[in-house]
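These are my notebook entries on one protein structure. I set down what I looked up, in the order in which I looked it up.

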Amino acid sequence: MACKKKENLLTVIFSAVFATLGLFFLIAGIITMQSGHRFQEMGEEIQAEITDILKYRDSRGKNRYEVYVDYIYDGKSYRNIRLNSYSGGMYEGKEIAILCDPENPEHIEILDGKMVFGIVVGIMGGALLVGAAIPVIVTGRRTARKKKVMSDGKMLYAVIEKIDLNTGFTINGKNPYVIYCTFKDDFKDVIYRFKSDNIWTNPNLVLKEGDTIPVYVDENDFSCYCVDTEKVLKGRVIDYT
């Protein structure tokens, strides 16, 4: 039970971290787009010539670029002014359109640079928020479906086929167990196979292959089911490990 709570807590923490990052990026993207829009309204479009592109590696070994341009604004020349962005199509001697701040002509930006950057950052934020919501929604829907099928569904007694460790999931170095079981519908001559949720108490202590276990199913859709391990194990194994 303790590990089950930790499993749910991990889902909450995972979602909270992604939601926080997503909200941060979304807000940053919106602020950047607003700033870019304001600069586009106040700035004047002029032509500039790329005079230098400096390439270097950052602390993580990634290539970075500093772009410098020359331009003339209001009859005055400005030389080796650093541009705020770089794109793969830039090269020394290329003429590009830039925006210049009339009140501070050394403040320049590439056309739509902030807008594009803000949109990209905003999309990243939205994607992270969606990624944060999915586990919560899936867990909530699974829990609601489980409660509904256990209250309104039909109970079958399935035969335990196998008890396995779920090695694909670990908490504190421990793996949960899962139970595979089958139910044969003699009338339809069909065998249904079911799999339990993660079990953090060793069911081998009280169950074995060939034993029966209750499974609740939606009579109209057997793919909506719940293997009732709690009823079988409750009170029979008290695990303090």
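**Entry 1: the whole chain.** I began with burial and found that 33% of the 241 residues in the protein are buried. I record at the outset that the model is predicted.

I next looked up the overall dimensions. The radius of gyration of the protein is 31 Å, whereas a compact globule of 241 residues would have one near 18 Å. Along the principal axes, the C-alpha atoms fill a box of roughly 90 × 40 × 30 Å. For the accessible surface I noted a value of about 15500 Å², and 55% of this surface belongs to carbon and sulfur atoms.

I also looked up how contacts are spread along the sequence. Of the contacts between residues at least 6 apart in sequence, 59% join residues at least 24 apart.

**Entry 2: secondary structure.** How many helices and strands does the protein have? I counted 3 helices and 10 strands. Read from the N terminus on, their order is α-β-β-β-β-β-α-β-β-β-β-β-α.

**Entry 3: strand E4 and its partners.** I then turned to strand E4, which covers residues 95–101. Is E4 largely enclosed or largely open? Because 5 of its 7 residues are buried, I recorded E4 as largely enclosed by the rest of the structure.

I looked up the strands that pair with E4. E1 and E4 run antiparallel and are joined by 6 bridges. In this pairing, Ala48 stands opposite Ile96 of E4. Strand E5, residues 104–110, also pairs with E4 in the antiparallel sense, over 4 bridges. Here Ile98 has Ile110 in E5 as its bridge partner. E4 and E5 together form a hairpin, with 2 residues between them.

I added a general reminder on strands: in a regular strand, side chains alternate between the two faces of the sheet.

**Entry 4: Leu54 in strand E1.** I chose one residue of E1 to examine. Leu54 lies in this strand, which spans residues 44–57. The relative accessible area of Leu54 is 36%, so I entered Leu54 as partly exposed.

Which residues does Leu54 touch, apart from those up to four places away in sequence? I found Arg64, Tyr65, Glu66 and Tyr68. For Tyr68 I also looked up the separation: Leu54 and Tyr68 are 14 residues apart in sequence, and their C-alpha atoms are 8.4 Å apart in space.

**Entry 5: aromatic rings.** I searched the whole structure for aromatic pairs and obtained 6. One of them is formed by Phe24 and Phe25, whose ring centres are 5.7 Å apart; their planes meet at 75 degrees, so I classed the pair as edge-to-face. Phe24 counts as exposed, because its relative accessibility is 55%. Phe25, with a relative accessible area of 25%, is partly exposed.

Tyr71 and Tyr78 form a stacked pair, with 5.3 Å from centre to centre and 15 degrees between the planes. I checked the burial of these two residues, and both Tyr71 and Tyr78 are buried.

I noted one charged side chain over a ring as well: Lys162 lies over the face of Tyr180, 5.2 Å from the ring centre.

**Entry 6: three aspartates in loops.** Finally, I looked up three aspartates and the loops that hold them.

Asp74 is placed in the loop between strand E2 (63–73) and strand E3 (76–82). Its phi is near 55 degrees, a positive value in a residue other than glycine. Is Asp74 buried or exposed? Its relative accessible area is 74%, and I therefore entered Asp74 as exposed, the cut-off being over 50%.

Asp189 is found in the loop between strand E7 (177–185) and strand E8 (190–195). Although Asp189 is not a glycine, its phi is positive, at about 55 degrees. Asp189 counts as exposed, because its relative accessibility is 61%.

Asp228 occupies the loop between strand E10 (221–227) and helix H3 (229–233). Asp228 has a relative accessible area of 5%, so I recorded this residue as buried, the cut-off being under 20%. Which residues are in contact with Asp228, leaving aside its neighbours within four places in sequence? I found Met150, Ile213, Pro214 and Tyr216.

How values were computed: Residues numbered from 1 in each chain as written. Predicted model: local features only at pLDDT ≥ 70, side-chain atom pairs only at ≥ 80, totals over all residues. Heavy atoms only, no water. Buried < 20%, exposed > 50% of the residue type's maximum accessible area, 1.4 Å probe, protein only. Contact = heavy atoms within 4.5 Å. Phe/Tyr/Trp six-rings, centres within 6.5 Å; stacked < 30°, edge-to-face > 60°. Lys NZ or Arg CZ within 6 Å of the ring centre and 35° of its normal. Pairing = 2+ DSSP bridges. Rg over C-alpha atoms; globule rule 2.2 N^0.38 Å. Areas by Shrake-Rupley, 256 points an atom, 1.4 Å probe, with all protein chains shown as cover.
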